[in-house]
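This report introduces a protein chain to a reader who has not met it before. The sequence and the model are shown first, and the description follows.

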Amino acid sequence: MIRDMELAVTRRDTISTRAEGQSKMDKKLFTRTDFHHKQTELRRKIRDVHKATEECTQTILELEESQKSMSDTLLEKQEQLSRMQVEADELEVELDRLATLKRQNLSELVTLQTRVKYLQAVKDGRYIFMLHNKQSLQMELKRLHDRLVSIGTILHHVKEEYPQFQEALLKVSQSIRAPIPNPPTRRRPVLCVIRTGIFLPSENDTT
């Protein structure tokens, strides 16, 4: 009976030892499997990171290309804008020139129309004798000369203060600086004002 008890104890110890060994082996196998799973998961994450990195790199390249294209387009538009600004400035200068020419032409047209009116009056014999002797004619010429000098001085100041009107006032200044003709020797001199000068009938004009 004692022998049987010893055998039972020995068998129990053997079973317990085997169970512990099996448990350790199972635990070791579980750890390797878990590590394998973790390793697989990490590799998958690394692949995902690489893929995301490649996508980001591609996106960055596309954005850089787009930025370069937009920079080139912006530079081209700026150059085009500069050319248009130069053209606009040239057109503005040309517009000012044409406006000045228009004013000159209108002024000259009015002057010519006035001259035609006076000449027609002279031709029709409808003008009025303003001066009837040489002395009064000389006084009128002096008064007119002084007036033209005053107007010339005013124009000179205007051209200095407003240089942009020099071209427009050039013809007027030239007309004012033109010498006043001397009256012809005749018994009844006649004075007829035309533009800024004096119209003096010749000896052959009828009175």
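A residue counts as buried when its relative accessible area is under 20%, as exposed when that area is over 50%, and as partly exposed in between. Asp72, at 40% relative accessibility, is therefore partly exposed. The model described here is a predicted one.

**Overall layout**

Three helices and two strands make up the regular elements of the chain. Their order from the N terminus is α-α-α-β-β. The chain has 207 residues, of which 13% count as buried.

**Salt bridges in helix α1**

The structure contains six salt bridges. The table presents some of them, with the distance from N to O.

| Pair | N to O distance |
|---|---|
| Lys45 and Glu41 | 3.7 Å |
| Lys68 and Asp72 | 3.3 Å |
| Glu94 and Arg97 | 2.6 Å |

Lys45 and Glu41 lie four residues apart in helix α1, so about one helical turn separates them. Lys45 has a relative accessible area of 43% and is therefore partly exposed. Its partner Glu41 also falls in the partly exposed class, at 37% relative accessibility.

The pair formed by Lys68 and Asp72 is likewise set four residues apart in helix α1, which means a separation of about one helical turn. As stated above, Asp72 is partly exposed at 40%.

For Glu94 and Arg97, the spacing in helix α1 is three residues, again about one helical turn. Glu94 is partly exposed, its relative accessible area being 33%, and Arg97 is partly exposed with a value of 41%.

**A negative surface patch**

Glu87, Asp89, Glu90, Glu92 and Asp96 together form a negative surface patch. One of these residues, Glu90, is located in helix α1, which spans residues 2-123. Glu90 has a relative accessibility of 52%. Because the limit for the exposed class is over 50%, Glu90 counts as exposed.

**The largest nonpolar core**

In soluble globular proteins, nonpolar side chains tend to be buried together. Which residues make up the largest nonpolar core here? The core consists of five residues: Leu144, Leu148, Leu155, Leu169 and Ile176. Two elements, α2 (134-161) and α3 (166-177), each contribute two or more residues to this core. The largest share, three residues, is supplied by α2.

Technical notes. Residues numbered from 1 in each chain as written. Predicted model: local features only at pLDDT ≥ 70, side-chain atom pairs only at ≥ 80, totals over all residues. Heavy atoms only, no water. Patch = residues over 30% accessible without salt bridge, like charges linked within 9 Å, V, L, I, M, F, W, Y side chains within 5 Å. Areas by Shrake-Rupley, 256 points an atom, 1.4 Å probe, with all protein chains shown as cover. Salt bridge = Lys/Arg side-chain N within 4 Å of Asp/Glu carboxyl O. Lys, Arg positive; Asp, Glu negative; His and termini not counted. Charge placed at Lys NZ, Arg CZ, Asp CG, Glu CD. Buried < 20%, exposed > 50% of the residue type's maximum accessible area, 1.4 Å probe, protein only. Core = buried A, V, L, I, M, F, W, Y, C linked by side-chain atoms within 4.5 Å.
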